[in-house]
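Colleague: I should be grateful for a close look at the charged side chains of this model. Please describe the pairs they form and the surroundings in which they sit.

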Amino acid sequence: MVKNEVMVDEIPFPSQFMVNSKPLPLMGHGITDIEIHFLQIKFTAIGVYLDPEIVAHLQQWKGKTGEELTENDEFFEAIVNAPVDKFLRVVVIKEIKGSQYAVQLESAIRDRLAEVDKYEEDEEEALEKIVEFFQSKYFKKDSVITYSFPATFGSAKISCAIEGKEDLEIEVENANVVEMMKKWYLGGTRGVSPTTISSLANNICVELSK
């Protein structure tokens with residue numbers, strides 16, 4: 001029997017999500033947190049939904065352990081670049097202003113783009129739009145932010161649901177910004193959530209061994 005929900009830090013995540021009328025299974029999950037004076041403060045819970053076809057694009061890592069894959073950034077680069085649908089569901093644990101969330105997202109993307117000399121006017125403009133989108137929002141506990149990355153490269157859709165109400169969504173059409181958005185959450189050892197990266201590596205390891 002397939003369980004319909006997976007609990008991620010007491011937050012229910014559907015075990016699959018319909019994207020473009022195709023069910024994407026939950027392939028990895030975790031949290032973002034920080035430790036201050038031995039106190040763990042949790043910010044968000046994350047679910048990563050991937051088209052099962054992604055396994056066909058990762059065959060060269062067959063036979064590696066979950067631990068080895070967790071440390072392998074090339075493996076995660078291949079996940080980011082695989083031409084399959086990807087969907088991220090981020091649920092807020094500790095309330096945060098949209099502007100604060102946007103600053104984290106913006107600086108992570110900008111730094112990554114600057115490193116590879118891809119931060120030009122177009123990228124700056126695309127990032128400004130994303131910051132603007134989040135600016136006026138206030139994410140209470142259990143608010144949901146989703147990122148939808150279609151199989152075709154170069155675009156993404158971000159949407160929010162606050163207090164159960166579906167809010168606006170925004171299309172991001174700058175391919176460089178979209179790539180770095182994926183890497184913020186799926187970027188291996190530099191991903192924002194080590195628990196999510198480890199979960200993804202271990203679950204895909206199981207799929208590869210089938």
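Modeller: The following account takes the salt bridges in turn and then turns to a patch of charge on the surface. The model is a predicted one. According to the unreviewed UniProt entry, residues 19-203 carry the annotation "domain: Chalcone isomerase". That span is 37% helix and 32% strand, and its end C-alpha atoms lie 20 Å apart.

Side chains of opposite charge can pair when their charged atoms come close. Across the whole structure, 13 salt bridges are found. One of the salt bridges joins K22 to E53, with 3.1 Å between the closest N and O atoms. This pair links distant parts of the chain, 31 residues apart: K22 belongs to strand β4 (residues 22-36), while E53 is in the loop between β5 (39-50) and α1 (66-70). K22 is partly exposed at 28% relative accessibility, and E53, with a relative accessible area of 47%, is also classed as partly exposed.

A further salt bridge brings together the side chains of K183 and E77, at 3.1 Å from N to O. Because K183 lies in helix α5 (residues 175-186) and E77 in helix α2 (residues 73-81), the pair ties together parts that are 106 residues apart in sequence. The relative accessible area of K183 is 14%, and this residue is therefore buried, the class for values under 20%. E77, by contrast, is partly exposed at 33%.

The third pair to be considered is K140 with E163, whose closest N and O atoms are 3.1 Å apart. Both residues are in loops: K140 in the one between β8 (138-139) and β9 (144-149), and E163 in the one between β10 (156-162) and β11 (165-172), so that the salt bridge ties together parts 23 residues apart in sequence. K140 has a relative accessible area of 37% and is partly exposed. E163 reaches 52% relative accessibility and so counts as exposed, the class for values over 50%. Returning to K183 and E77, one finds that these residues belong to one network with K118 and E179, joined by salt bridges that share partners.

There remains the patch of negative charge on the surface, in which D117, E120, E121, D122, E124, E125, E128 and E132 gather. Among these residues, E128 has its place in helix α4 (residues 121-135). E128 is partly exposed, with a relative accessibility of 44%.

Terms used. Residues are numbered from 1 along each chain as its sequence is written. This is a predicted model: local features need pLDDT of at least 70, side-chain atom pairs count only at pLDDT 80 or more; totals for chains, interfaces and linings use all residues. Side-chain values use heavy atoms; hydrogens and water are left out. UniProt positions are given in the numbering used here, feature names are shortened, and annotations may be inferred rather than shown by experiment. Helices (H or I, at least four residues) and strands (E, at least two) are DSSP runs, numbered from the N terminus. Patches are made of residues with over 30% relative accessible area and no salt bridge: like charges are joined within 9 Å, nonpolar side chains (Val, Leu, Ile, Met, Phe, Trp, Tyr) within 5 Å. Accessible areas come from the Shrake-Rupley method with a 1.4 Å probe; for residues, only the protein chains shown count as cover. A salt bridge is a side-chain nitrogen of Lys or Arg within 4 Å of a carboxyl oxygen of Asp or Glu. Lys and Arg count as positive and Asp and Glu as negative; His and the chain ends are not counted. The place of a charge is taken as NZ of Lys, CZ of Arg, CG of Asp or CD of Glu. Buried means under 20% relative accessible area, exposed over 50%, partly exposed in between (1.4 Å probe, protein chains only).
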